[in-house]
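Work through the following exercises with the sequence and the model at hand, and try each task before reading its solution.

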Amino acid sequence: MSNSSGGKKQITIIHCWSAPRSRSTALLYSFEARGSDNCVAVDEPLYRSWLERKGDAVERPYTEAMITGCPPLGHERSANASTWQREQLSLEERLHKAATELSPNGVIFCKHMAKHSFLYDFEAEVESKDKDIEYSHKHLLLIRDPVSVLSSWSCSANVHGNNPTPDEVGIVPLLAIYSQMQSRKNDNGNKNSTATSVTILDSDELVQDPQHVLQATCQSLGIDYTPSMMEWKAGPHACDGPWAEWWYADVWKSTGWKLQQQLSSNQQADAAVAVAPTNTRYRTMNPGLMDALRASMPAYQFLKTLTRGYQTRGPPAATTYEDARNEHLLVHVGAPGRGQLVPREMAGVSPWDSAVQGGDAAWEGLRVYRNKILHLDKHLKRLFRSAKALGFENVHTKEQVVDAIFRTVAANNMRDGAHIRLTLTRGEKYTSSMNPLFNVYGTTLIVLAEWKPTEGATTYDNEAGITLISASQRRNSPQTVDSKIHHNNLINNILPKIQANLAGAADAIMLDLEGFVSETNATNLFMVDEDGVLLTPHADYCLPGITRATVINLAKELGIPCVERRISLAEFHAADEVFTTGTMGELTPVTMIDGRVIGNGKRGPITTKLQEVYKTLPERDGYATPLPEFEDASAE
C-alpha cells in the first residue's frame, strides 16, 4: 500500500456496526491490539448523541453523566473523569484527534451500535479537517444469530430492560445500513461512493476460526492483518466507553480469540458419551421476545448469505453450475393462496412439512421448449391422480398450479432450455408425526425451474450414449409402494444411483421381484431386438412414463413394431439397440450394459429416428402448452 496520496497521510476509518453484545467489544480489543501507532480504537462515538435524541424514552443509569461529562455518584474511579469528558467530543473531533496520533496508513476502528446508525451521514461522510490527512471510510457489518442475541438479553436486563425492539436487536438496522450502501453503489453520479467497501462478518464464524476470518476481513477492508490481533490483556481497556462497568464484565475476562480444537473422527468414535463443547453456553429463550426475533430473522438470513463463510461453503459457483444463471433463480413455494417467489438461497419448506417428515409428496418433471411446455396437461393429470391416491386434502387447484408455473418461468425469463421440478407435498403439520390428521394447512407447492439442457453434465449424452449397470436392489412392487403414484419416496431409486456412480455408469437397471427388467433408477427402458422390434417392459413395477407412452405412439406412427412384455436382463445384454426415456433427458442411447457392448457400441438407427421425431413435438398440435407473453421489466 502507498503511504500517501499526493503527499497526504492516508487513514483508514473502519466503522463496525453491530448488535449490543460482547463480540463487538472483543473485536474492538482485537483492533486495539494492533498497537497505538497503527490503530486507534473508538468505542461507540455516537452513543451520547443517541441518548440525547432518545431522551426519556430510554433509561440508562449513566444517561445524565454521558450528557454532562461528569461521572455519576458512586462511580468515581481513577481516570474516570476523563473518559466521561471524552464523550463530549463529536465523531468528527474524535476522528481528527485519532488521525493526528497515527502513522501513515493508520487505522481508526469505530465500534458502533447499529441502532445508532440514523445519526451517521452515509451520504456525506466525515472529511479530515487537516489538509495533510485523507480519510478512507470502510463499513463492517458484524452480524450474529438473533436467537443468540436475544437469549442473552436478560443478562443485562437491569441496565436496558427486558423488552427489546427489533431496532435494539440490531439486525434490522444493519440491513438498513446495507441498503444505504447499495443505494450509493447504484448512484453513478456519486463519485465518493463507498458502497463497495462494505464487509459482512458473521461473528459465529469469527469465533470458530478467528485467525483465518480476521485475515480475510482485513484483506476485504484493505488493511494488513497483524498476528497481535489474536490476543489482548484481561480487564478494562483504555478504549472502553465510560459505561463499560455496566456491560463489559464478561469480555473483560477474555484475553483473546481462542483457537477451536476439533476432535478427530477417531476421538469422536472413542467417546463413551456425548459431551457438550467446552465453554459453550446453553441458554433458554424468553417466549416474550419472539416478536423481536421474528422481525429480525429474515434480515439476518439475508445478510448471512453475503458473508465469506456462506459464499465459500462449497465449490465456486463457476464450477458448480452448468449454467451460471442457475445461481440466481427464483423458486415458488407455498400453500394454496399463500405461495410466493423467493431467491434460491432462501427457498425452503417448514421442518413440519410432510415431505420433510416422511417423503410424503408427489412430483412431476416438465420441460420448456421454444416458448412451450411439453405435455403440461398430462403431467398435471398424473400429479393430481397421485395426490388423490395419497389422500391429500385442501389441494391446490389446477389453475393455481398453472399460474405458479407461469409466474416462475416468467420471473426467471425462461422460454427455452429449462426443466421444471414440480412438487406437491401433503403440506405442513402442526406437530411432528407421520399422521395425515395433523396436516391442517393445505398442500405445499414447489415450482423449481432450472436452466438445464437435455444433454449436459446434469443429464445425458444423447448422441454418444451412456453406460448402465444392473442394480442389486429390486424395484418396488405395487404390494409395497406403488410406482403408479409418482411419489417422493425415492430411496429405492437413490441406492441404485449410488451403485451406478461408484461403478462409473450413468444409471442402474432395476429388476422386478421375479427378475425381469423394470426400468432404471431414473428412466424407462426400450430395446430393439434382432428383428427390428421395439420392446419395453410392462409397467407393472415401474412408472408408466409420459415420454415412454409418447415413444410407443411415435413408433406406431413410424411403422415400427412395438411390444410391451416381460423382458429379461439377458435380452437387454444381447439387444441391437437400447435407449432410455424420460422428461429430463428425452431419448438417450445406451451403448453398454454390465460390460456388454450393445449392438455396435453406437447409437442405432431406430433410436436416431425416434429422437429426430421427438424433437418436433413442441411444434405439433396437442403436444405442448404455449407460455403466456412475458412483460420485460428491464424495458420499463
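**Exercise 1. Find which residues make the nonpolar surface patch of about 500 Å², and state where Ile 491 lies.**

Solution. The patch is made by Ile 491, Ile 494, Leu 495, Ile 498 and Leu 502, where a patch takes residues with over 30% relative accessible area and no salt bridge, joining like charges within 9 Å and nonpolar side chains (Val, Leu, Ile, Met, Phe, Trp, Tyr) within 5 Å. Ile 491 belongs to helix H21 (residues 491-503), helices being DSSP runs of H or I with at least four residues and strands runs of E with at least two, numbered from the N terminus. With a relative accessible area of 55%, Ile 491 is exposed; the classes are buried under 20%, exposed over 50% and partly exposed in between (1.4 Å probe, protein chains only).

The model is predicted, with local features needing pLDDT of at least 70 and side-chain atom pairs pLDDT 80 or more, while totals for chains, interfaces and linings use all residues. Residues are numbered from 1 along each chain as its sequence is written, and side-chain values use heavy atoms, leaving out hydrogens and water.

**Exercise 2. Determine which residues of H9 are buried, and what covers them.**

Solution. In H9, the buried residues are Ile 171, Pro 173, Leu 174, Ile 177, Tyr 178, Met 181 and Arg 184. Seen down the axis of H9, these fall within an arc of 165°, so they line one face of the helix; the arc is taken over the directions from the helix axis to the C-beta atoms. Their cover, counted by contact (heavy atoms within 4.5 Å), includes strand E2 (8-18), strand E5 (133-143) and helix H15 (290-304).

**Exercise 3. Compare the settings of the salt bridges that Arg 48 and Asp 360 form.**

Solution. A salt bridge here is a side-chain nitrogen of Lys or Arg within 4 Å of a carboxyl oxygen of Asp or Glu, and the structure holds 24 of them. Arg 48 pairs with Glu 52, their closest N and O atoms being 3.4 Å apart; the two residues are four apart in helix H2 (residues 47-54), and therefore separated by about one helical turn. Arg 48 is buried at 16% relative accessible area, whereas Glu 52 is partly exposed at 39%.

The side chains of Asp 360 and Arg 426 meet at 2.4 Å, N to O. This pair links distant parts of the chain, 66 residues apart, with Asp 360 in the loop between helix H18 (354-358) and strand E9 (361-369) and Arg 426 in the loop between strand E11 (418-425) and strand E12 (444-451). Both Asp 360 and Arg 426 are buried.

Terms used:
Areas by Shrake-Rupley, 256 points an atom, 1.4 Å probe, with all protein chains shown as cover.
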